[in-house]
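User: Please take a close look at one helix in this structure and the surroundings it packs against. I would like a single connected explanation that starts from one residue and works outward.

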Amino acid sequence: MTSAASIPNATRSDTAPAAAPTASAALTAARPAPQPRSAYRAFRPITTRWADNDVYGHVNNVVYYSWFDTAVNAHLIEQGVLDIHAGGTIGLVIETQCNYFAPLAFPQTVEAGIRVAKLGSSSVRYEVGLFAQGEPLTAAAGHFIHVYVDRQTRRPVPVPDALRQVLQALVVAG
């Protein structure tokens with residue numbers, strides 16, 4: 001009798017194929033983890049408001065996206081490289097994502113850490129970590145991607161040189 005083991009490239013019929021990973025196993029393997037403050041290049045305090053809390057007693061998930069936008073744009077405005085009223089180049093968000101690790105709630109102060117994960121010719125991937133004041137790890141972390149466009153035509157344009165210089169200071173090795 002010839003066994004499958006003695007035939008080149010044959011498989012044993014009595015051996016079941018390996019089971020495919022379950023959806024929960026795939027989610028567990030890919031689940032992001034909180035990050036330390038050292039993973040971010042600039043920080044900005046954000047004051048929570050009573051209206052930020054939802055009926056469950058913590059900040060509603062949609063507020064986190066507003067904080068991402070506020071932290072990044074305020075930093076760029078303070079650095080003198082974003083004119084939201086008259087600048088010829090504006091950033092349009094084309095993608096967002098957030099992972100939640102611990103609740104935040106009014107009246108906490110939140111500290112937003114900012115970094116740039118990818119700086120392209122006309123786009124930037126910003127990553128933002130939200131920390132409860134004084135805490136070492138993110139309560140939430142996410143990203144958004146801006147494509148920089150001409151204000152009038154809405155067509156992509158190269159990231160302006162002055163903005164690129166500010167963004168370079170936020171770049172983290174990936």
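Analyst: His75 lies in helix α2. The model is predicted, and what follows describes that model. His75 counts as buried because its relative accessible area is 14%, and the cut-off for buried is under 20%. Which residues does His75 contact, leaving aside its neighbours within four places in sequence? They are Ala42, Ile114, Val166 and Leu170.

One of these contacts, Val166, leads to helix α3. This helix covers residues 161-168, and its buried residues are Leu163, Val166 and Leu167. These buried residues span an arc of only 100 degrees around the axis, so they sit on the same side of α3. There is a general reason to expect such a pattern. An α-helix has 3.6 residues a turn, so residues three or four places apart point the same way. The other side of α3 holds Asp161 and Gln165, which are exposed.

The buried residues of α3 pack against α2, which covers 61-78, and also against the strands β3 (109-119), β4 (123-132) and β5 (140-150). These strands belong to an open sheet of 5 strands, whose order is β1-β3-β4-β5-β2 and whose pairing is antiparallel. The edge strands are β1 and β2, since each pairs on one side only. From one strand to the next, the twist averages 25 degrees.

Now back to α2. Helix α2 lies across β1, β2, β3, β4 and β5, and it runs at about 55 degrees to β5. Helix α3 also packs on the sheet: it touches β3, β4 and β5, and its direction makes about 115 degrees with that of β3.

The next topic is the nonpolar core. In soluble globular proteins, nonpolar side chains tend to be buried together. Here the largest nonpolar core has 32 residues, and the ones that touch the most other members are Tyr64, Trp67, Leu76, Leu104, Tyr126, Leu130 and Leu167. Two or more residues of this core come from each of β1, α2, β3, β4, β5 and α3. The element that gives the most is α2, with 7 residues. Leu167, one of the buried residues of α3, is thus also in the list of core members with the most contacts.

Trp67 is worth following further. Apart from its neighbours within four places in sequence, Trp67 is in contact with Ile46, Thr48, Asp52, Val59, Leu104, Val110 and Leu130. Two of these contacts, Ile46 and Val110, are linked to each other as well: Val110 in β3 is the bridge partner of Ile46. In total, 6 bridges join β1 to β3, and the two strands run antiparallel.

Two loops beside these strands have backbone features to note. Pro107 is in the loop between β2 (89-100) and β3. The peptide bond from Phe106 to Pro107 is cis, with omega near 15 degrees. Arg154 is in the loop between β5 and α3. Although Arg154 is not a glycine, its phi is positive, at about 60 degrees. Arg154 counts as partly exposed because its relative accessibility is 45%, and the partly exposed range lies between the cut-offs of 20% and 50%.

Definitions and conventions:
Residues are numbered from 1 along each chain as its sequence is written. This is a predicted model: local features need pLDDT of at least 70, side-chain atom pairs count only at pLDDT 80 or more; totals for chains, interfaces and linings use all residues. Side-chain values use heavy atoms; hydrogens and water are left out. Buried means under 20% relative accessible area, exposed over 50%, partly exposed in between (1.4 Å probe, protein chains only). Helices (H or I, at least four residues) and strands (E, at least two) are DSSP runs, numbered from the N terminus. The arc is that of the directions from the helix axis to the C-beta atoms. Contact means heavy atoms within 4.5 Å. A nonpolar core is a set of buried Ala, Val, Leu, Ile, Met, Phe, Trp, Tyr and Cys residues joined through side-chain atoms within 4.5 Å. Two strands pair if DSSP finds at least two bridges between them. Axes are lines fitted to C-alpha atoms, for helices over the stretch in contact, and angles run from 0 to 180 degrees between N-to-C directions.
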